[in-house]
Amino acid sequence: MVAPPLAGYEAVYVAMGAALLLSVPALLDADAAAMRAGLWPVVVAVILMCLATLPHAVTPLNWVGVGIVALALLAAGPVGALLHTPRLVTPIMIAALCLAGACLGATAGLLEYFSGAGRSGVGNNPIHYAGIVVILGFSALAGFPSTRNPWRYLFFLGPACAFAAALVSGSRGPMLAAIALTAVTGTILLVWNRKDHRFLLAAGLFALAGGGAIYLAGDGARAISGLYGLISGADAGTAGSDTIRKAMYEAGVLAFLDSPVWGHGYANLMDAATSASPNGDLIARFDHLHNDVADFAVAGGALGIAAYAMLLLAPLMPLRRLGQTPSRPAILLGIVVSLSYLTLGMTNAMIGVLPQTMLFAVLVGAVIVLDMSERDPRALMQRDGAQ
């Protein structure tokens, strides 16, 4: 959670190795039944991608699509590790790690931006860099409803870092995602804290400061008008980013209609899209369609879309107990993870890019363990004491 904004691939290899070692014993642990229940949407997603891949199995590369989805099963690793150290399984700890990552990412991006380097990426693609900081920044809000200590307002720095990273990266997708996340998380926190005058004052000041910063930076209007430009083809007649993305999305629809059930296979993703599109020359140089739904639709057809939907459902599993004893930190984190990957995946690939995919697995694991520890903290503490 801390390292991805600064060292995405180095961090992901360490996280993958650790999670892989911990996943098998965690899945076999008799006390981890709730964890396995939380992972069932990911299991279904893997099965759906396997079914979609079977007609294309003669090309081994097509199974990479299954492997990408299966990476989310590594959520069992972080959960398994935390099950054995329940005193560390707290919303504050998880949120603090997310906040640390967001702060490091935003600080590095600001330093790079003011050094005259142009769009900040901190050694990464600027869109990917900003997307990761947006995810971590809003995930940090999970610490806010877990305590009444006045220090909890420090978690508001998470969204501030998210907007800062989006601004210095010059990326509309992350900015639009941050705006959507602000609307949703702000509404949730407002409902939960509607009688807290201190919260209302802090939220109002944050909104004014954030809105002013976006306006003065000059990228706010660009972010808000971004989808209009994409849909309307505002730069039609040129090879601008809006026109290229529009061509990608149209190609995705046409390729999906050519094989709506099974898709074309992961290995044939771009070949199928360029062949189906009258603007194939505009998109031929890319290796994906810059949209998660389009990528899954072309690679796996309706089965691929269903697999993607199941992945986005996984972080939302705590919502199924809203009428019982819901864990507010788990609910808030789950909504942030699902919504951030949905919105960021509208303008770029998220599932399939290794750091983002592994971060998804880690955060799904965090949602599950928060839900488990909040519902039955005494049992976990007794287990820890027995060891």
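Start by selecting Cys-103 and Cys-161 in this predicted model. The sulfur of Cys-103 has its closest cysteine sulfur in Cys-161, at 3.7 Å, which is too far for a bond. The cut-off that settles the matter is 2.5 Å between the two sulfur atoms. Cys-161 is therefore in no disulfide, with the sulfur of Cys-103 as its nearest cysteine neighbour. Switch on a surface and compare the two: Cys-103 is partly exposed, at 25% relative accessibility, while Cys-161 is buried, at 10%. If you feel like hunting for disulfides elsewhere, you can save yourself the trouble, as a search of the whole structure finds zero.

Next, go to Asp-196 and show the side chains around this residue. Which residues does Asp-196 meet in salt bridges? One partner is Arg-148, with the closest N and O atoms 3.2 Å apart. Asp-196 sits in the loop between helix 9 (172-192) and helix 10 (197-217), and Arg-148 in the loop between helix 7 (126-139) and helix 8 (157-169), so this pair ties together parts that lie 48 residues apart in sequence.

The other partner is Arg-152, at 3.0 Å from N to O. This contact also links distant parts of the chain: Arg-152 belongs to the loop between helix 7 and helix 8, 44 residues from Asp-196. Select Arg-148, Arg-152 and Asp-196 together, and you have one network joined by salt bridges that share partners. The structure holds two salt bridges.

Keep those three residues selected and colour them by accessibility. Is Asp-196 buried or exposed? Asp-196 counts as buried, at 14% relative accessibility. Arg-152 is buried too, with a relative accessible area of 3%, whereas Arg-148 is exposed, at 60%.

Now move to helix 3, residues 40-53, and pick out Val-43 there. Val-43 is partly exposed, with a relative accessible area of 39%. Add Ile-47, Leu-51, Leu-54, Trp-63, Val-261 and Trp-262 to the selection: with Val-43, they make a nonpolar surface patch of about 620 Å².

While you are here, try the distance tool on the helix itself. The 14 residues of helix 3 should span 20 Å at 1.5 Å a residue, and the end C-alpha atoms are 20 Å apart, which agrees. Then select the buried residues of helix 3: Pro-41, Val-42, Ala-45, Val-46, Leu-48, Met-49, Ala-52 and Thr-53. Look down the axis and you will find that these residues cover an arc of only 165°, which puts them on the same side of helix 3. As background, an α-helix has 3.6 residues a turn, so residues three or four places apart point the same way.

For the last stop, select Asp-292, in helix 16 (residues 292-313). How accessible is Asp-292? The relative accessibility is 0%, so Asp-292 counts as buried. Finish by adding Gly-345 and drawing a line between the two C-alpha atoms. They are separated by 5.1 Å, although Asp-292 and Gly-345 are 53 residues apart along the chain.

Conventions. Residues are numbered from 1 along each chain as its sequence is written. This is a predicted model: local features need pLDDT of at least 70, side-chain atom pairs count only at pLDDT 80 or more; totals for chains, interfaces and linings use all residues. Side-chain values use heavy atoms; hydrogens and water are left out. A salt bridge is a side-chain nitrogen of Lys or Arg within 4 Å of a carboxyl oxygen of Asp or Glu. Helices (H or I, at least four residues) and strands (E, at least two) are DSSP runs, numbered from the N terminus. Buried means under 20% relative accessible area, exposed over 50%, partly exposed in between (1.4 Å probe, protein chains only). Patches are made of residues with over 30% relative accessible area and no salt bridge: like charges are joined within 9 Å, nonpolar side chains (Val, Leu, Ile, Met, Phe, Trp, Tyr) within 5 Å. Accessible areas come from the Shrake-Rupley method with a 1.4 Å probe; for residues, only the protein chains shown count as cover. The expected span of a helix is 1.5 Å times one less than its number of residues. The arc is that of the directions from the helix axis to the C-beta atoms.
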